[in-house]
Amino acid sequence: MKKIVLASVALVVLVAVWIALFVTFRSTEQVLFPGGSYQVYPVTDSTVGGFSTVELSQSDSMISARVNIRSGMAYPYAGMGVNLLSVNNRPASVFFDFSDYDSLVIDAETNRMRKIGVKILNDDPVYSQKNDYRSYRPMVSQAQVRKNGVAVSMLDFKVPEWWLAMQGLEKDDGLRYMNRGMLFEITNGEGTMLGIPDEITVRSIKLWGENRTFKALMYVALVLIFAVYGGAIALAVRGSERFVKSRKKKLEDLKARMATAAKLLKESDRSVAEIAIAVGAESPSSFERDFARIYGVKPLDYKKGK
């Protein structure tokens, strides 16, 4: 019983620790801004033949892009970008993996525009060429600007038709390459008025996602915890059963020996010490104790009929 209680207490403690770890680390967060880890750069449609302009200013806590949208190819755009291949202004050796995240939250506000455009540019192993911005596979989404910020699900990002057409693809090939991120950009949204200056102010850019590997390992750990607990309980129960059987057998053996002693006490002239030796008692005192336990009286009193 004591072992079962200890196992149950250990289970409660382990489950409490599991819950604390699960709640703390079940999700993962990546801050693109602020923090100073990544380069911020101005974005305009000049790379695709447009004429929009941007004036970019940045502090430790804010990025401001004053944009003037003019006509151009595809749809005109201007804004700001984050170089995902830079860390502290030094080139990184690996791509940025967006597939680890489920959504992003941008603390942003604008003057006139109601929507902002969010773009992820990925390295396409087939179509992307080094240092050719137009060849990077764009994943774009339009997001409504609200007082509590902008939230975008990763499922909302789509490859624009103009890029597919530029690569000679008749329809979306379904490829995303979200694990090969290179650039992240925030620009004006659809419907922005041409020729009228506007401003996009960003205070933070954060990515959120479930820590899937951690959660999987935690579920495995939880199964192991309960499996070990079940094993411990089973062992404790079996040990308890063996203990009960052993005690029962010892008691039955004691009763048989004391029955023999009782018969000798009544039917023979042997002394108590001799009878104790005859029934295998360790000593006369232990014999008296065992006999009193079974018959309720001491051997000598039993012999005298008391």
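## A long helix to start with

Arg257 sits in helix α3, which covers residues 212-267. In this predicted model, Arg257 has a relative accessibility of 22%, so it counts as partly exposed. Setting aside residues up to four places away in sequence, Arg257 touches Val279, Gly280 and Ala281.

Another residue to look up from here is Asp290. Arg257 and Asp290 are 33 residues apart in sequence, and their C-alpha atoms are 9.7 Å apart in space.

## The whole chain

Now step back and take in the full protein chain. It has six helices and 13 strands. Its radius of gyration is 41 Å, well over the 19 Å that the globule rule gives for 306 residues, so the chain is more spread out than a compact globule. You can see this in the box filled by the C-alpha atoms too: along the principal axes, that box is roughly 130 × 40 × 35 Å.

How much of the chain is buried? Buried residues make up 35% of the 306. The exposed surface comes to about 18100 Å², and carbon and sulfur atoms supply 56% of that. As for contacts with a separation of 6 or more, 73% of them are between residues 24 or more positions apart. On the charge side, there are 41 positive and 32 negative charges, and the mean positions of the two groups lie 13 Å apart.

## Two nonpolar cores

Which residues touch the most other members of the largest nonpolar core? That core has 39 residues, and the ones in question are Phe98, Leu104, Ile106, Met154, Phe184, Ile186 and Ile205. Strand β13, residues 198-210, gives the most to this core, with four residues.

There is another core lying apart from that one. This one has twelve residues, among them Leu265, Val272, Ile275 and Phe291.

## Three buried residues worth a look

Start with Gly117, which you'll find in strand β9. Its relative accessibility is 4%, so Gly117 counts as buried. Leaving out residues up to four places away in sequence, Gly117 touches Ser141, Gln142, Glu185, Ile186, Thr187, Asn188 and Gly189. Among these is Ile186, a residue already met in the largest nonpolar core. Gly117 and Ala143 are 26 residues apart along the chain, with 6.4 Å between their C-alpha atoms.

Next comes Phe96, in the loop between β7 (90-91) and β8 (103-110). Although it belongs to a loop, Phe96 is buried, at 8% relative accessibility. Once neighbours within four places in sequence are left aside, its contacts are Gln30, Leu32, Tyr38, Leu84, Tyr101, Met178, Asn179, Arg180, Gly181 and Leu207. Phe96 is also 27 residues from Asp123 in sequence, and the C-alpha distance between the two is 10.0 Å.

The third is Asn68, found in strand β4, residues 63-68. Is Asn68 buried or exposed? With 13% relative accessibility, Asn68 counts as buried. Beyond its neighbours within four places in sequence, Asn68 is in contact with Ser52 and Thr53, and also with Gly195, Ile196 and Pro197.

## Some unusual backbone spots

Here's a bit of background. Most residues other than glycine have a negative phi, and most peptide bonds are trans. A few places in this chain go the other way.

Where is the cis peptide bond? It joins Phe33 and Pro34, with omega at about 0°. Pro34 lies in the loop between β1 (27-33) and β2 (39-44).

Then there are two residues with positive phi. Asn131 has phi near 65°, a positive value in a residue other than glycine. Asn131 belongs to the loop between β9 (115-122) and β10 (137-144), and it is exposed, with a relative accessible area of 67%. Tyr177 isn't a glycine either, and its phi is about 55°. Look for Tyr177 in the loop between α2 (161-166) and β12 (181-188). At 22% relative accessibility, Tyr177 counts as partly exposed.

Conventions: Residues are numbered from 1 along each chain as its sequence is written. This is a predicted model: local features need pLDDT of at least 70, side-chain atom pairs count only at pLDDT 80 or more; totals for chains, interfaces and linings use all residues. Side-chain values use heavy atoms; hydrogens and water are left out. The radius of gyration is taken over C-alpha atoms; the globule rule is 2.2 Å times the number of residues to the power 0.38. Buried means under 20% relative accessible area, exposed over 50%, partly exposed in between (1.4 Å probe, protein chains only). Contact means heavy atoms within 4.5 Å. Accessible areas come from the Shrake-Rupley method with a 1.4 Å probe; for residues, only the protein chains shown count as cover. Lys and Arg count as positive and Asp and Glu as negative; His and the chain ends are not counted. The place of a charge is taken as NZ of Lys, CZ of Arg, CG of Asp or CD of Glu. A nonpolar core is a set of buried Ala, Val, Leu, Ile, Met, Phe, Trp, Tyr and Cys residues joined through side-chain atoms within 4.5 Å.
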